[in-house]
Amino acid sequence: MYTARVNKTWMLGGHMTTTPKFTMLKPARVMDGTDTPVSTRKVVLLQDDRILAIGPENQIVFPEAATGEVLEFPNSTLLPGLIDCHTHTNMPGTGRRGEDVHREDTDDIRLMRSAHNVAIALQTGVTTVCDCGGWNQTTFSLKEAINQGLVAGPRVLTAGRPITTTGGHCWFMGSEADGVDGVRQAARQLIKEGADFLKVMGTGGSTLGTDPFRPAFSQEELQAIGEEGHRRNRVVVAHCRTNNAMRMVVDAGFDAIMHGWFTDDTGKKIYDERLADHIASHEVRVNPTLQITRSRFQLFEGRELTSEEQIQYTRMQANHAETLNHCGRLFKAGIKLMAGSDCGWGVYPFGHFDRELLALVNAGLTPTQAVVAGTSNNAELLGLGDVVGTIEAGKSADLLVVDGNPAEDIGDIANVTAVFKAGVRIR
């Protein structure tokens with residue numbers, strides 16, 4: 001039987017120290033964020049903001065002389081809080097382009113939108129969010145506002161402004177840089193301002209005038225960014241939408257690839273087995289952002305299409321199916337996948353991270369493997385593996401309770417019953 005000491009209120013150095021708060025969670029099932037099977041008849045004991053113990057319900061009790069709250073969830077599953085490794089909190093997810101948000105909104109509006117978006121994310125069980133690119137100082141301000149308790153939100157890690165070439169993808173966010181010295185200075189500046197990780201636009205993207213199918217930086221420039229990030233213990237990730245760029249960032253020592261879509265320099269989808277093996281051998285992770293392409297289908301669904309629209313819709317469906325196939329092959333090649341939605345961009349609003357996990361299942365992962373991609377895999381890469389990502393004693397009590405059993409039906413992860421951030425239940 002698990003027991004622990006409990007400290008009663010006493011005076012220490014003239015300051016009053018209070019008795020810890022204990023909470024016992026009794027779900028029907030526990031998915032602990034690892035690839036172990038779902039367990040039943042287990043309880044989780046929280047002390048303040050931490051997980052104190054997890055084990056069989058007949059062995060976990062409140063510490064001697066302590067009392068606490070017991071929360072029963074008889075039809076539900078307890079999971080670690082979800083981690084979305086790829087968001088853009090400044091963006092509305094309504095179809096407005098980056099150029100529109102740059103031209104029509106101020107940083108004040110963008111910051112308030114960020115606060116609105118992350119509050120939605122938290123309510124849907126995403127207790128850690130990575131912002132992979134915002135305007136100027138907005139995402140740094142968002143993180144600080146949450147840390148000070150000024151607004152409600154999940155744990156936020158931010159890259160600040162993505163490093164991009166002059167006129168490159170998301171140039172309007174504020175970190176255009178060229179040449180080895182230029183990109184090195186940009187990386188150092190972002191770290192100085194508080195970037196938790198570095199995001200690099202390895203190719204163009206949806207930004208007008210950019211080429212999503214050709215590398216944006218030279219090998220030497222990428223090498224310099226990787227060196228600067230790792231010198232300061234920062235994870236370095238790259239937006240890549242082409243095979244050549246993926247190979248370059250792997251060779252530059254980057255830690256993860258965002259999107260990771262296999263295409264040649266004309267945009268034709270070509271799965272490259274040698275490249276996949278290269279990624280796997282260097283232990284680089286991939287965030288496949290599957291739902292962002294699926295989300296575009298809604299532009300065509302529910303109405304009568306013209307012949308031209310039908311052709312476009314059919315092409316999009318075929319491309320998405322091929323992307324799912326490539327993702328499944330990456331997973332079979334031994335590459336660790338990271339669940340990240342890219343929400344905020346395009347027509348993908350916050351609050352639907354469950355759709356990214358469903359897309360991973362559609363790509364061939366089991367529901368448990370998809371949950372691992374959205375919890376412990378992300379925590380491990382982001383340097384948070386000793387804090388969040390699994391349900392273990394000593395970790396932060398960032399937890400999600402859902403009705404149903406996501407190990408059997410991943411869709412159940414959208415049936416949110418309760419969310420805890422650092423032991424506090426989100427109302």
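**Exercise 1. Determine which residues of helix H4 are buried in this predicted model, and how they are arranged about the helix axis.**

Solution. Taking under 20% relative accessible area as the criterion for burial, one finds that Val183, Arg184, Ala186, Ala187, Leu190 and Ile191 are the buried residues of H4. Viewed down the axis of H4, these buried residues fall within an arc of 160 degrees, and they therefore line one face of the helix. On the other side of H4, by contrast, Asp181 and Lys192 are exposed. The final step is to ask what the buried residues pack against, and here the partners are H3, strand E11 (197–201) and helix H5 (219–231).

**Exercise 2. Compare the span of H4 with its expected value, and describe the residue just after the helix.**

Solution. H4 covers residues 179–193, which makes 15 residues, and its first and last C-alpha atoms lie 21 Å apart, close to the 21 Å expected at 1.5 Å a residue. Just after H4 comes Gly194, whose phi is positive, at about 115 degrees.

**Exercise 3. Work out how strands E9 and E10 are joined, and which unit they make with helix H3.**

Solution. Strand E9 (residues 126–131) and strand E10 (residues 155–158) run parallel and are joined by 4 bridges; one of the residues to inspect is Thr128, whose bridge partner in E10 is Arg155. Adding helix H3 (residues 138–147) to E9 and E10 gives a β-α-β unit, which is right-handed.

**Exercise 4. Assess the confidence of the prediction along the chain.**

Solution. The mean pLDDT of the chain is 94, with 96% of its residues at 70 or more. Over residues 1–14, however, the pLDDT is below 50, although this stretch has 34 contacts in the model beyond near neighbours in sequence. Where pLDDT is low, the predicted coordinates should not be read in detail.

Key: Residues are numbered from 1 along each chain as its sequence is written. This is a predicted model: local features need pLDDT of at least 70, side-chain atom pairs count only at pLDDT 80 or more; totals for chains, interfaces and linings use all residues. Side-chain values use heavy atoms; hydrogens and water are left out. Two strands pair if DSSP finds at least two bridges between them. Helices (H or I, at least four residues) and strands (E, at least two) are DSSP runs, numbered from the N terminus. A crossover is right-handed if, with the strands pointing away from the viewer, the path from the first strand over the helix to the second runs clockwise. pLDDT is the predictor's confidence in each residue, from 0 to 100. Contact means heavy atoms within 4.5 Å. The expected span of a helix is 1.5 Å times one less than its number of residues. Buried means under 20% relative accessible area, exposed over 50%, partly exposed in between (1.4 Å probe, protein chains only). The arc is that of the directions from the helix axis to the C-beta atoms.
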